[in-house]
Amino acid sequence: MESKEAKRARLLAKAAEAIDEYLEWEEQNPRPDLTQIEDIALKLRKEFGQEIAQVAIENQAERTPAPGPRCAKCGAEMRYKGKKRTRVESRTGNWDVERGYYYCPKCKERLFPPGPATASE
Ligand SMILES: [Zn+2]
């Protein structure tokens, strides 16, 4: 598992990237209007938020709890089946990440922790 320090370094690098992008933008937009300011602020917030979400998901994917989670359909313990590259769709954007997944042989249900995002907004 990635150490706390390694994660910190990774997130700091991403924050530095966002700050550099802002400073670059500032040079190129000496008199921005409010919409332009909102656009850059939201863009950078999104990029940094994605990195946080990615770290959190990878962190969870590396943990394989025993016993496994319960099948939502039949309640049986699901079996860990290893990692698979999947597309995560969330409010912070979509991206591909390797996630551990579980399988119920009876129902053929699959679960990729932490599961899909709950509907919101
Ligand atoms: Zn089941």
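The points below go through this predicted model, from overall make-up to single residues.

1. Confidence. The coordinates come from a prediction, with an average pLDDT of 86 over the protein. A score of at least 70 is reached by 88% of the residues. Among the elements, α1 has the highest confidence, with a mean of 96, and β2 the lowest, with a mean of 81. Where pLDDT is low, predicted coordinates should not be read in detail.

2. Composition. The protein contains 2 helices and 3 strands. Starting at the N terminus, their order is α-α-β-β-β. Of the 121 residues, 4% count as buried. For contacts between residues at least 6 apart in sequence, 57% join residues at least 24 apart.

3. Helix α1. This helix covers residues 4-28, which makes 25 residues. From its first C-alpha to its last it reaches 36 Å, close to the 36 Å expected at 1.5 Å a residue. Is it covered or in the open? The number of buried residues in α1 is 0, so the helix lies largely in the open. Residues three or four places apart in an α-helix point the same way, because there are 3.6 residues a turn.

4. Ala-16. This residue belongs to helix α1. Ala-16 counts as exposed because it has 10 C-beta neighbours inside 10 Å, and the cut-off for that class is 12 or fewer. Phe-48 is 32 residues from Ala-16 in sequence, and the two C-alpha atoms are 9.9 Å apart.

5. The sheet. The 3 strands form an open sheet in the order β1-β2-β3, and the pairing is antiparallel. The edge strands are β1 (79-90) and β3 (109-111), each of which pairs on one side only. From one strand to the next, the twist averages 40°. In general, the strands of a sheet pair through backbone hydrogen bonds.

6. β1 with β2. Strand β2 spans residues 93-104 and is joined to β1 by 10 bridges, the two running antiparallel. Which residues of β2 face those of β1? Tyr-80 has Tyr-102 as its bridge partner, Thr-86 stands opposite Val-97, and Ser-90 is partnered by Gly-93. As for cover, β1 has hardly any: among its 12 residues, the count of buried ones is 0.

7. β2 with β3. These strands also pair in the antiparallel sense, over 3 bridges. Tyr-102 stands opposite Leu-111 of β3; Tyr-102 is likewise the β2 partner of Tyr-80. The hairpin made by β2 and β3 has 4 residues between the strands.

8. Lys-108. This residue is placed in the loop between β2 and β3. Its phi is positive, at about 60°, although the residue is not a glycine. Lys-108 is exposed because 9 other C-beta atoms lie within 10 Å. A reader checking backbone torsions will find this residue in the β2-β3 hairpin.

9. Tyr-103. What is the burial class of this residue of strand β2? Tyr-103 counts as partly exposed, because it has 17 C-beta neighbours inside 10 Å; the buried class would need 20 or more. With neighbours within four places in sequence left aside, the contacts of Tyr-103 are Met-78, Arg-79, Lys-81 and Arg-110. Gly-68 is 35 residues away from Tyr-103 along the chain, with 9.5 Å between their C-alpha atoms. Any close reading here should keep in mind that β2 has the lowest mean confidence, 81.

10. Cys-71. The loop between α2 (34-61) and β1 holds Cys-71. This residue is buried because it has 21 other C-beta atoms within 10 Å, against a cut-off of 20 or more. Apart from neighbours within four places in sequence, Cys-71 is in contact with Ala-76, Met-78, Cys-104, Cys-107 and Glu-109. Glu-109 is 38 residues from Cys-71 in sequence, yet the C-alpha distance between them is 7.2 Å. Met-78 is also among the contacts of Tyr-103.

11. Burial in summary. Cys-71 is buried, Tyr-103 is partly exposed, and both Ala-16 and Lys-108 are exposed. For the whole protein, the buried share is 4% of the 121 residues.

Notes. Residues are numbered from 1 along each chain as its sequence is written. This is a predicted model: local features need pLDDT of at least 70, side-chain atom pairs count only at pLDDT 80 or more; totals for chains, interfaces and linings use all residues. The expected span of a helix is 1.5 Å times one less than its number of residues. Two strands pair if DSSP finds at least two bridges between them. Axes are lines fitted to C-alpha atoms, for helices over the stretch in contact, and angles run from 0 to 180 degrees between N-to-C directions. pLDDT is the predictor's confidence in each residue, from 0 to 100. Two residues are in contact if their C-beta atoms, placed from the backbone, lie within 7 Å.
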